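This report describes the fold and surface of one protein chain. Please keep the sequence and the structure in view while reading.

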Amino acid sequence: MTHDRVLELIEAFGAEPMGWPEQDREAARAILESDPDAFTEALAEARALDAALALDPMPEPSAQLADAILAAAPRAPRARSGVFGGLSSLLFPQGVRWPAGAALASLLMGLVGGYAYASTGAGYDQADSAYYAAFGFDNGAEWGSLE
């Protein structure tokens, strides 16, 4: 934390440290306490601005604006009803897209594994040992030397 960063915090967030970002707050307070004269002018300007802003009342949003915001907000998914809806919720609690993603991931793993096996020229035993080792089921077999 530097003096310049403390001045940036005062200019951006005001004179009250509670309004500053939490990750910077304690370090900035330490700098303020170690050299309070360096920030007197900036704090006074920030307090004057805070006071001026506090005099201006917050406008109430109109009913039309509130309705428009609520209309544009995302909606919760519909509750599934019936036997199939209940079964679907039980089998796919994260939604029906999740199994498709898992199937795609499995397909990609198979393609990568197959390509890796085909490109090494390794025999079946060596490839099996490599697959077992990759998935944590090391069968103790020697991988042998790859040519």
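Helices and strands are runs in the DSSP assignment, with at least four residues for a helix and at least two for a strand, and they are numbered from the N terminus. In this predicted model, the elements of the chain follow the order α-α-α-α-α-α-α from the N terminus. The secondary structure thus amounts to 7 helices and 0 strands.

**The chain as a whole**

| Property | Value |
|---|---|
| Buried share of the 147 residues | 16% |
| Contacts with a separation of 6 or more that join residues 24 or more positions apart | 36% |
| Share of the exposed area supplied by carbon and sulfur atoms | 62% |

The area that the chain exposes is about 11,900 Å².

**Helix α2**

Helix α2 covers residues 22–34. Its 13 residues should span 18 Å at 1.5 Å a residue, and the end C-alpha atoms are 19 Å apart, which agrees. Which residues of α2 are buried? They are D24, R25, A28, I31 and L32. An α-helix has 3.6 residues a turn, so residues three or four places apart point the same way. The buried residues of α2 pack against two helices, α1 (3–13) and α3 (40–55).

**A nonpolar surface patch**

M109, Y131, Y132, F135 and F137 form a nonpolar patch of about 590 Å² on the surface. One of these residues, Y132, belongs to helix α7, which comprises residues 124–134. Is Y132 buried or partly exposed? Its relative accessible area is 42%, so Y132 is partly exposed. Patch residues must have over 30% relative accessible area, and the 42% of Y132 is therefore sufficient on that count.

Definitions and conventions: Residues are numbered from 1 along each chain as its sequence is written. This is a predicted model: local features need pLDDT of at least 70, side-chain atom pairs count only at pLDDT 80 or more; totals for chains, interfaces and linings use all residues. Side-chain values use heavy atoms; hydrogens and water are left out. Patches are made of residues with over 30% relative accessible area and no salt bridge: like charges are joined within 9 Å, nonpolar side chains (Val, Leu, Ile, Met, Phe, Trp, Tyr) within 5 Å. Accessible areas come from the Shrake-Rupley method with a 1.4 Å probe; for residues, only the protein chains shown count as cover. A salt bridge is a side-chain nitrogen of Lys or Arg within 4 Å of a carboxyl oxygen of Asp or Glu. Buried means under 20% relative accessible area, exposed over 50%, partly exposed in between (1.4 Å probe, protein chains only). Contact means heavy atoms within 4.5 Å. The expected span of a helix is 1.5 Å times one less than its number of residues.
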